[in-house]
Amino acid sequence: MLKDEQLLEKRLIELSRTACYRNVITYSDFLNLNELNILHSLPKDKLYTAYVTFGGYDSAERQMAAFLPDALSFSRTGKIDSADLGFPFVAVGIVPLHEKFAQALTHRDYLGAILNLGIERSKLGDILIEGEKAVVFIDDGLSSFLQEELRRVSHTSVKLSRINLRDYGYSPRFEEIKGTVASVRLDSLLSLAFSSSRTKLSGLIEGGKVFINGKLMTTNSCQVREEDVISVRGMGKFRYKGIVSHTKKNRIFVLLHKYI
C-alpha cells in the first residue's frame, strides 16, 4: 500500500475513534473513488463506529464520510437520512454574469478556476454542469471565500450564490447505448460504453482506474449485475441496465445508460 493510502487509513480510523469516544459525529474531507474504496475496504474491527457517505445528491462520485456514535448508529428505524447528519459542505451555483458573452465552459474550466484560488481538491465535491450553470459542492468553511473571490471562469465573468441542499435535486442526464457483447464481463461492457478495444481498457482495469458501485475492480472477467454503476477515472461512468435479448449467434444484446 502506498504511503498516502496508509495515511488516509489512519486518518479515517482516528475519525471513527473520535466519534466513538467523544460521542460526536466526525467528518472526513471529500473522498474520491479510490479513497472511498479504501474506506469501504477497511476491516470492520479497525473501525470504532458505523459511517455514512454523502456527496450532496444520489450517485455523487466524490463524497464525505460521517462517522456516527452509537446513539445514531442504532436508531429505532435503522434508517439514517444523510441530509440530517449536518455534513459540513454546501452547494454553490455559478452562472455567467452576462449570458450573451458566456463561453461554453467545461468541468475542467470550473475546476481549474477554483483550484487557482488556492482551494485544495479535497475540499471540493462534484462539479455539475447544467447548461450554462454549474453547481459545486464545497466545504462550508470555504463557501464564503469562493463566493467572494471567484469572478471569472476562463474568459467568462460569473456570479455565485449559495443553494439550499434540501431544495436541490439533480437527475443525471444520460445517453442510451445498445449493442451486443459476448458476455456481461466488465471488459466487454467497458468496450461497448467507451468504443475502445478490450486490450486498452484492460490496462485501465489493471491500473486501478475502474470502479463498480464505488468499489475498485481489478479483474477483467468480473460479471456485472443489473443497475451496477461502472466508473472509469478520467473517462466517465455508465449504468448497466441489463440484457435486452439474445441474437441468433448467441451474443447478448444489452442496454447501458452512459452519463453525459
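This passage goes through the sheets, a helix pair, the pockets and a cavity of a predicted model.

Sheets come first. Strands of a sheet pair through backbone hydrogen bonds, and the pairing can be parallel or antiparallel. One sheet here is open and built from three strands, in the order β1-β3-β2, with antiparallel pairing. The edge positions go to β1 (26-27) and β2 (50-54); each has a single partner strand, so one side of each is left without a neighbour in the sheet. Two bridges hold β1 against strand β3 (residues 64-68), again in the antiparallel sense. For a landmark in this pairing, take threonine 26, whose bridge partner in β3 is phenylalanine 67. A helix also belongs in this part of the picture: α2 (residues 33-41) lies across β2 and β3, and runs at about 160 degrees to β2.

Another open sheet has six strands, and reading across it gives β9-β14-β13-β12-β10-β11, with antiparallel pairing. At its edges sit β9 (174-181) and β11 (215-216), each of which pairs on one side only. Further in, strand β10 (residues 210-212) is joined to β12 by three bridges, and the two run antiparallel. Here valine 210 stands opposite valine 232 in β12.

Just past this sheet's edge strand β9, the chain enters the loop between β9 and α6, and that loop is where alanine 182 is found. Leaving aside residues up to four places away in sequence, alanine 182 touches Arg251 and Ile252. The fold also brings alanine 182 and phenylalanine 253 together in space: they are 71 residues apart along the chain, yet their C-alpha atoms are separated by 8.9 Å.

On the other side of that loop comes a helix pair. Helix α6 (residues 186-194) packs with helix α7 (residues 198-206) at an angle of about 115 degrees, and the two axes are 9 Å apart. The crossing is right-handed. From α6, the residues in the contact are Leu186, Asp187, Ser188, Leu190 and Ser191, and they meet Arg198, Leu201, Ser202 and Ile205 of α7. Sorted by class, the residues of this contact come out as four nonpolar, three polar and two charged.

Next, the empty space. Rolling a probe the size of a water molecule over the atoms shows where such space is left. The largest pocket has a volume of about 1,000 Å³. Its lining takes in 27 residues, and those nearest the centre are Glu61, His107, Asp126, Ile127 and Gly236. Several elements supply at least two lining residues each: α4 (107-115), β5 (124-130), β12 (229-232), β13 (236-246) and β14 (252-259). Of the elements, β5 gives the largest share, with five residues. The lining of this pocket splits into twelve nonpolar, six polar and nine charged residues.

The second largest pocket holds about 390 Å³ of space. It is lined by 19 residues, and Ser59, Ala60, Gln63, Asn213 and Gly214 are the closest to its centre. Two or more lining residues come from each of α2, β2, β12 and β13. The largest share, three residues, is that of α2, the helix that lies across β2 and β3. By class, the lining of the second largest pocket has six nonpolar, eight polar and five charged residues. Both pockets draw on the six-stranded sheet, since β12 and β13 appear in the list for the largest pocket and also in the list for the second largest.

Last comes the enclosed space. The structure holds one cavity of 30 Å³ or more, and the largest cavity contains about 30 Å³ of space. Its lining is made up of Pro96, Ala102, Gln103, Leu105, Tyr110, Gly131 and Glu132. In terms of class, that is four nonpolar, two polar and one charged residues.

Terms used:
Residues numbered from 1 in each chain as written. Predicted model: local features only at pLDDT ≥ 70, side-chain atom pairs only at ≥ 80, totals over all residues. Heavy atoms only, no water. Axes fitted to C-alpha atoms, helices over the stretch in contact; angles between N-to-C directions. Helix = DSSP H or I, 4+ residues; strand = E, 2+ residues; numbered from the N terminus. Left-handed = near helix turned anticlockwise from the far one by under 90°. Contact = heavy atoms within 4.5 Å. Nonpolar A, V, L, I, M, F, W, Y, C, P; charged D, E, K, R; others polar. 1 Å grid on protein atoms, 1.4 Å probe; cavity = no way out; pocket = protein on both sides within 12 Å on 5 of 7 lines; lining within 4 Å. Points joined across faces, edges and corners; volume = space filled by probe spheres on them. Pairing = 2+ DSSP bridges.
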